[in-house]
Amino acid sequence: MSATWDQIVERLRELSDLASAIKLLHWDQATMMPSAGGAARARAQATLQATAHGRFVDPEMGALIDGLSEESLSQEQEANLRLLRRDYDKAVRVPQELVRELAEVSGRAYQAWTEARPAADFSLLQPHMARLVELKKQEAEALGYANEPYDALLDQYEPGMTTAEVEAMFQGLLRGLKPLVADVLANVPDPPDWLGYRYDPDRQMAFCHWLVSQLNFDVTQGRLDISPHPFTIHIGPGDVRQTTRPDQHNLMMPLYAAVHETGHALYEQGLPAEWADFPIGGPPSLGMHESQSRLWENQVARSRPFTDFLLPRLKERFPEEIGMVSPEEFYRGVNHPQRTLIRVTADELTYNLHVGFRFELELALFRDELSVADLPAAWDDKMSEHLGLCPDSIADGVLQDMHWSIGSFGYFPTYTLGTIYSAVLFAQATAQLPGLEAELRSGVTLRLLEWLRENVHGLGYRHDAKDLIERISGGPVTPEPLLDYLRAKYTALYPSA
Ligand code: ZN
């Protein structure tokens, strides 16, 4: 190995250590920290983040990257250099003053959102968000793009994917999904009573601990804790933490949140450990990450074989509440679709309608077809167009998600891209693993996990997400596998009368 490579490695290790400290502070804040510690914690995080950013954009780093380009490198070193070069160029293209103002305005906008939502008052957020959209447009100009500013924003979360590609994919998905949702919901009865019984939170958590181990989450190299918003975080090699939230009026939410997060956590535990400090040791995109959580949550844990496995174990914990529920009733209960206002609690069938119209609104904002002032009304129009509902309160309308208040434009579409990828992956895994259904019926998921390790996790970031999915499926990424899966599942569950 060359001296230049060694120096790069040293710097990457330092950045990785700083990232690890930042993530641990975040995990602690979300799970353990007394709320009075918030202000001091925010400062500590900002200090570490600024230090890490400064170390990365250091001209010395640029010189080392240039130096490395002249050397003959292994395939892996080449792959790392390509990603490093890309990230470095992006980081130095945005002026420091803009980075600082973006951080400051998003801090203020987020604070305003936390007040605007309970007060149901968009005017508290509006001026901050209007400024944030202006700054994000400036950021897009600084970063550069092929066709339109939104390309630059999307690229921060889903590298290698263009706005035009995502737009075409969403149009195809919504074209198929809307009539399916209308047909299915016309035949859905009221939800069964047992879904809303009281369930002891401690027993819910005990069940979640058992379940994540059953799914091969390695608890010797990770943890499951409680937080208000479930999440997964990779602190460093050998330390992957996930959370869920018990809810005494909801049996399914904590359980399926734990499975969702386990999907994220299994991915993190399967990334190539030898490249942990390097760009190729991470995931290629948010969409790819979400494909893993969706696959385990929906295609695996909401399938008939797996719910048949789950029910008797759940009855052992909650004999009085669900002792009389049949496997058929249970399967229908965990797959009960309905029109709802809130994205995060939406079911598998209607979820992507929520994401679809958020994407349309973001595009309109960044194509200068919509102003922030007109956003609440545009939101309500889209909600009724896509889901046939109109929120009574703006708290359940445009103020329900925090993403836009922290400047995360281009993030929403990755939820649906992940769902599209998950359907492609599961269709391929099923075709290549005969007998998988019988294994799921016995709660055995190791062969599926090994398939994902080999085809996705172990590769880290060797390919952009879209390219990886195309390599695995042997064709272009389309929403058809997802539509086929949803059609087959829901028309069988709720056939037309
Ligand atoms: Zn997720």
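This passage describes the domains, the zinc site, selected helices and the salt bridges of a predicted model.

The protein is divided into two parts, domain 1 (3-144) and domain 2 (163-493). Their centres, taken over C-alpha atoms, are separated by 27 Å. Domain 1 gives 37 residues to the contact, and domain 2 gives 42 residues. Together the two domains bury about 3400 Å². Carbon and sulfur atoms account for 69% of that area. On the domain 1 side, W27, R117 and F122 supply 19% of the area buried against domain 2, more than any other three residues. The count of salt bridges between the domains is 3.

A zinc ion is held by three protein donors: H260 (NE2), H264 (NE2) and E290 (OE). These donors lie 2.1 to 2.3 Å from the ion. Along the chain they follow the spacing H-x3-H-x25-E. Both histidines, H260 and H264, belong to helix 10 (residues 252-270). They are 4 residues apart there, about one turn of the helix. An α-helix has 3.6 residues a turn, so residues three or four places apart point the same way. H260 and H264 are both buried.

P272 sits in the loop between helix 10 and helix 11 (286-300). Its relative accessible area is 6%, and P272 is therefore classed as buried, the limit being under 20%. P272 and G458 are 186 residues apart along the chain, yet their C-alpha atoms are separated by 5.2 Å. Beyond its neighbours within four places in sequence, P272 is in contact with I280, G281, H457, G458, L459 and G460.

Helix 8 (residues 163-185) contains A164. At a relative accessible area of 47%, A164 is partly exposed. From A164 to N147 the C-alpha distance is 8.7 Å, with their positions 17 residues apart in sequence.

Helix 1 (residues 3-31) has 29 residues. At 1.5 Å a residue, helix 1 should span 42 Å. Its end C-alpha atoms are 42 Å apart, which agrees. The buried residues of helix 1 are T4, W5, I8, V9, R11, L12, L15, L18, I22, W27 and T31. These residues pack against both helices and strands. The helices are helix 2 (38-57), helix 3 (59-69) and helix 4 (75-93). The strands are strand 1 (222-226), strand 2 (232-236) and strand 3 (239-244). W27 appears again at the domain contact, as one of the three residues named there.

Helix 5 (residues 96-119) has 24 residues. It reaches 35 Å from its first C-alpha to its last, close to the 34 Å expected at 1.5 Å a residue. Its buried residues are L98, E101, L102, V105, S106, A109, A112, W113 and A116. Helix 6 (126-143) is included in what covers them. A120 follows helix 5 and has a positive phi, near 50°.

Side chains of opposite charge can pair when their charged atoms come close. The model holds 37 salt bridges. R55 and E14 form one of them, at 2.7 Å from N to O. This pair links distant parts of the chain, with R55 in helix 2 and E14 in helix 1, 41 residues apart. R55 is partly exposed at 32% relative accessibility. E14 is also partly exposed, at 33%. D368 forms a salt bridge with K137, with the closest N and O atoms 2.5 Å apart.

Other pairs lie within a single helix. E104 and R108 form a salt bridge, with the closest N and O atoms 3.4 Å apart. Both lie in helix 5, 4 residues apart, about one turn of the helix. E104 is partly exposed, with a relative accessible area of 38%. R108 is partly exposed at 40%.

R441 and E437 form a salt bridge whose closest N and O atoms are 3.5 Å apart. Both lie in helix 18 (residues 436-441), where they too are 4 residues apart, about one turn of the helix. R441 is partly exposed at 38% relative accessibility. E437 is exposed, with a relative accessible area of 51%. The two residues belong to a network of salt bridges that links R304, D308, E328, R332, E437 and R441.

Key
Residues are numbered from 1 along each chain as its sequence is written. This is a predicted model: local features need pLDDT of at least 70, side-chain atom pairs count only at pLDDT 80 or more; totals for chains, interfaces and linings use all residues. Side-chain values use heavy atoms; hydrogens and water are left out. Donors are N, O and S atoms within 2.8 Å of the metal (3.2 Å for Na, K and Ca); water is not among the atoms, so sites may look incomplete. Helices (H or I, at least four residues) and strands (E, at least two) are DSSP runs, numbered from the N terminus. Buried means under 20% relative accessible area, exposed over 50%, partly exposed in between (1.4 Å probe, protein chains only). The expected span of a helix is 1.5 Å times one less than its number of residues. Contact means heavy atoms within 4.5 Å. Domain bounds come from an automatic or database domain assignment. Buried area is the accessible area (1.4 Å probe) that two parts lose on being put together, summed over both. A salt bridge is a side-chain nitrogen of Lys or Arg within 4 Å of a carboxyl oxygen of Asp or Glu.
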